[in-house]
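Biologist: I would like to learn how to read the cores and the sheet of a model such as this one. Could we go through them together, one feature after another?

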Amino acid sequence: MAAKAPPPTEVLRGFVATLAGGRLPRAVILRGDERWFRERALVAATETAERAGLEVVRHDARDPDFDLRALTSDLTEAPMFAGARCIVVRNAAGLLKKEGEAEPPLLAVAGRFVSGSSPPGTLLVDAEGLRADNALVKKALAAGALVLELRRLYDQPAPWERNGDPRRTELVQWLAGRARERGIALTPDEALYVCAATGNDLAALDSALSRLAGRGQESVRSLVAWEAGAAPWDVAESIARGDAPRAAAGIETLLRGGFAKGGEREIDPAALLAMLFGSLRTKVREGLAGARAIERGADPQSVYAGPPFGRDDFVARARARRAGDWERLGEDLAALERKNRQGKDQGGEFDASDLLAFALRWRVERRAAGR
């Protein structure tokens, strides 16, 4: 069994410690979708390179003036004004992914740099969304370079923690620790509120902390407005699993704050409901298949066909209800979607209360430990 990847906070801390020891790797590839961690890793590495006297050159694939030939030159030719060069490539995932039969434009030259020793220097690649099996990632690992997985922090208790304390999630713990670093007083409940109101965006959370510095007697709620959205599939998971409190909060957050992804926010109720219903249909179908497998005496994982990271949610969902209950839930969901469509045709009578009532109808009662 592969070792569990360390949390991104530990990954970043270990990287900074490596740099403090004077070691500047031949290459560092920053993967993962948490920009805050990737930014700090880049800053730490470039500052180390500058102290060591390297010439720092920067390229950004999203910059309208990005020049692939200039980047290729930096990766293949010796620097003129320093003994070595630190080459920073931002937003590089698109340059390293294969499109059709064409080879990725950056792969060959970056691969040679990573595997070799000339020209002297180091390569820093910022590539959100780059897969672990990407060819450059494999070459970097084979050459002893560093590949840092800097994912987003978990903002929900682990699936096996049915009644997990939301104040103990990675996100809330990070915010509490960040507040201590900055000398800002913040109780666990206040940290939970700030995370819920702001969302899973570390830069936005850091900015929220700035509003709390020196707040005196003012309440956190008066200084940190509710701006968070919710992912429709997370809300659908809570509804399908019968977690009524989390489902209710998710429904309100989704319809009030929308859904943010890729720097944009979707706030159109029709689009949000379409995503929510689509995800719910999938989760109900999977839950029914898993419950039927359990009732046959089979492992529910034997009927799972989704990505590996969704396996634990699938198993927990399958065990939440009997197959007959999943069938009735699916019928109720179909009726709810019909009401949504009819409401749209008749002036928009469908609203959040219909979703809340649905979530409450299909809540799963949690038994206390030992009962």
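Modeller: In soluble globular proteins, nonpolar side chains tend to be buried together. In this predicted model, the largest nonpolar core (buried Ala, Val, Leu, Ile, Met, Phe, Trp, Tyr and Cys residues joined through side-chain atoms within 4.5 Å, where buried means under 20% relative accessible area with a 1.4 Å probe, protein chains only) has 42 residues, of which Leu-175 and Val-194 touch the most other members. Its largest share, seven residues, comes from helix 2.

Biologist: Which residues is Leu-175 in contact with, leaving aside its neighbours within four places in sequence?

Modeller: With contact meaning heavy atoms within 4.5 Å, they are Leu-186, Ala-191, Val-194, Cys-195, Leu-205 and Leu-209. A second, separate core of 28 residues includes Ala-231, Leu-254, Phe-277 and Leu-333.

Biologist: In what order do the five strands of the open sheet stand?

Modeller: Strands of a sheet pair through backbone hydrogen bonds, either parallel or antiparallel. Here the order is 2-3-4-1-5, with parallel pairing, where a pair needs at least two DSSP bridges and strands are DSSP runs (E, at least two residues; helices are H or I, at least four), numbered from the N terminus. Strand 2 (55–60) and strand 5 (146–149) stand at the edges, each with a single partner strand, so one side of each lacks a neighbour in the sheet.

Biologist: What should I know about numbering and thresholds?

Modeller: Residues are numbered from 1 along each chain as its sequence is written. Local features need pLDDT (the predictor's confidence in each residue, from 0 to 100) of at least 70, side-chain atom pairs count only at 80 or more, totals for chains, interfaces and linings use all residues, and side-chain values use heavy atoms, with hydrogens and water left out.

Terms used. Buried < 20%, exposed > 50% of the residue type's maximum accessible area, 1.4 Å probe, protein only.
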